[in-house]
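User: I have a model open and want to go through its fold, its charged pairs and its cores. Can you take my questions one by one?

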Amino acid sequence: MQLVVARVGRAHGIRGEVTVEVRTDEPELRLGPGAVLLTDPASAGPLTIESGKVHSGRLLLRFEGVRDRNAAEALRNTLLIAEIDPEELPEEEDEYYDHQLMDLDVVLADGTEIGRITEISHLPSQDLFIVERPDGTELMIPFVSSIVTEIDLEEQRAVIDPPPGLIDDRAEIVSSRDDGEASGDESAGEPA
């Protein structure tokens with residue numbers, strides 16, 4: 001099975017190093033020296049990592065055969081892909097690979113069906129489940145423990161406890177008009 005582990009960013013310096021956007025929770029395992037990675041586009045690889053270091057909070061990699069800024073810049077936006085055993089599981093109990101989460105049914109705690117995970121979007125601040133509802137519309141569900149309360153791989157489902165307004169338009173909003181009537185101020189909530 002193939003797993004996207006990083007995306008190549010800008011060239012760094014003049015000796016062939018590149019910045020990378022890490023897309024794995026295990027960079028030391030997947031992006032260490034000697035790792036051979038497939039690429040998308042395939043014509044850019046495979047690439048073998050020669051060395052890596054962290055500089056100003058960013059991971060810098062150097063690949064075998066990439067010796068100058070021009071060669072490094074030519075790799076920009078290339079996806080780095082690791083070949084993994086599909087039975088392999090992440091080290092931490094509450095971590096999952098994308099392939100484990102794809103196609104899970106998304107339900108509320110009471111069993112109400114919300115939809116099915118069709119994509120996982122990895123943003124800098126958090127991951128999002130893209131969920132296709134039975135009517136064909138899509139929802140974005142933040143993959144955070146306060147909302148996604150359980151992942152049950154055996155039952156192939158993700159249980160969510162969404163805040164008001166996340167999955168429907170019935171958000172619990174206290175109208176300013178109601179507040180104004182309670183306080184005796186008849187102009188509260190009226191357009192000016």
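Analyst: The questions and answers below go through this predicted model.

User: How many helices and strands are there in the protein chain?

Analyst: The protein chain has 192 residues, and 35% of them count as buried. Its secondary structure comes to four helices and 12 strands.

User: In what order do the strands of the closed barrel run?

Analyst: The barrel is built from six strands with antiparallel pairing. From one strand to the next, the twist averages 50°. The order is 1-2-5-4-3-6.

User: Which strands are the edge strands of the open sheet?

Analyst: The open sheet has six strands in the order 10-9-8-7-12-11, with mixed pairing. An edge strand pairs on one side only. The edge strands are strand 10 (138-142) and strand 11 (148-152).

User: What does the twist of that open sheet average from one strand to the next?

Analyst: The sheet in question has the order 10-9-8-7-12-11. From one strand to the next, its twist averages 35°.

User: Which residue in strand 12 stands opposite E150?

Analyst: Strand 11 pairs with strand 12 (residues 157-160) in the antiparallel sense, over four bridges. In strand 12, the residue opposite E150 is V159.

User: What is the bridge partner of V54 in strand 5?

Analyst: Strand 4 (residues 47-55) and strand 5 (residues 58-63) run antiparallel and are joined by six bridges. The partner of V54 in strand 5 is L59.

User: Is L59 buried or exposed?

Analyst: L59 lies in strand 5. Leaving aside neighbours within four places in sequence, its contacts include V18, V20, L31 and K53. Its relative accessibility is 17%, and the cut-off for buried is under 20%. L59 therefore counts as buried.

User: What distance separates the C-alpha atoms of L59 and V22?

Analyst: L59 and V22 are 37 residues apart along the chain. V22 is also among the contacts of L59. Their C-alpha atoms are separated by 7.8 Å.

User: Which parts does the salt bridge between R7 and E21 tie together?

Analyst: The closest N and O atoms of R7 and E21 are 3.0 Å apart. R7 counts as partly exposed at 23% relative accessibility, and E21 is partly exposed at 30%. The two residues are 14 apart in sequence, so the pair ties together strand 1 (residues 2-12) and strand 2 (residues 17-22).

User: Which residue is linked with R7 and E21 in a network of salt bridges?

Analyst: R7 and E21 form a salt bridge with each other. The network that holds them also takes in R23.

User: Is E17, which meets K53 in a salt bridge, buried or exposed?

Analyst: The side chains of E17 and K53 meet at 3.7 Å, N to O. The pair links E17 in strand 2 to K53 in strand 4, 36 residues apart. K53 counts as partly exposed at 43% relative accessibility. E17 has 12%, and because the cut-off is under 20%, E17 counts as buried.

User: How far apart are the closest N and O atoms of R76 and E73?

Analyst: R76 counts as partly exposed at 40% relative accessibility. E73 is partly exposed too, with 29%. The two form a salt bridge, and the closest N and O atoms are 3.0 Å apart.

User: How many salt bridges does a search of the whole structure find?

Analyst: The pairs found include R7 with E21, E17 with K53, and R76 with E73. For the whole structure, the search finds seven.

User: Which strand gives the most residues to the largest nonpolar core?

Analyst: That core has 22 residues, and L31, L61, F63 and L80 touch the most other members. Strands 1, 2, 4, 5 and 6 (79-83) each give two or more residues. With five residues, the top contributor is strand 1.

User: How many residues are in the other core, the one with V106 and I114?

Analyst: This core lies apart from the 22-residue one. Its members also include V148 and I151. Its size is 17 residues.

User: How much area does the protein chain expose?

Analyst: Carbon and sulfur atoms supply 46% of the exposed area. The total is about 11,900 Å².

Notes: Residues are numbered from 1 along each chain as its sequence is written. This is a predicted model: local features need pLDDT of at least 70, side-chain atom pairs count only at pLDDT 80 or more; totals for chains, interfaces and linings use all residues. Side-chain values use heavy atoms; hydrogens and water are left out. Two strands pair if DSSP finds at least two bridges between them. Axes are lines fitted to C-alpha atoms, for helices over the stretch in contact, and angles run from 0 to 180 degrees between N-to-C directions. Buried means under 20% relative accessible area, exposed over 50%, partly exposed in between (1.4 Å probe, protein chains only). Contact means heavy atoms within 4.5 Å. Accessible areas come from the Shrake-Rupley method with a 1.4 Å probe; for residues, only the protein chains shown count as cover. A salt bridge is a side-chain nitrogen of Lys or Arg within 4 Å of a carboxyl oxygen of Asp or Glu. A nonpolar core is a set of buried Ala, Val, Leu, Ile, Met, Phe, Trp, Tyr and Cys residues joined through side-chain atoms within 4.5 Å.
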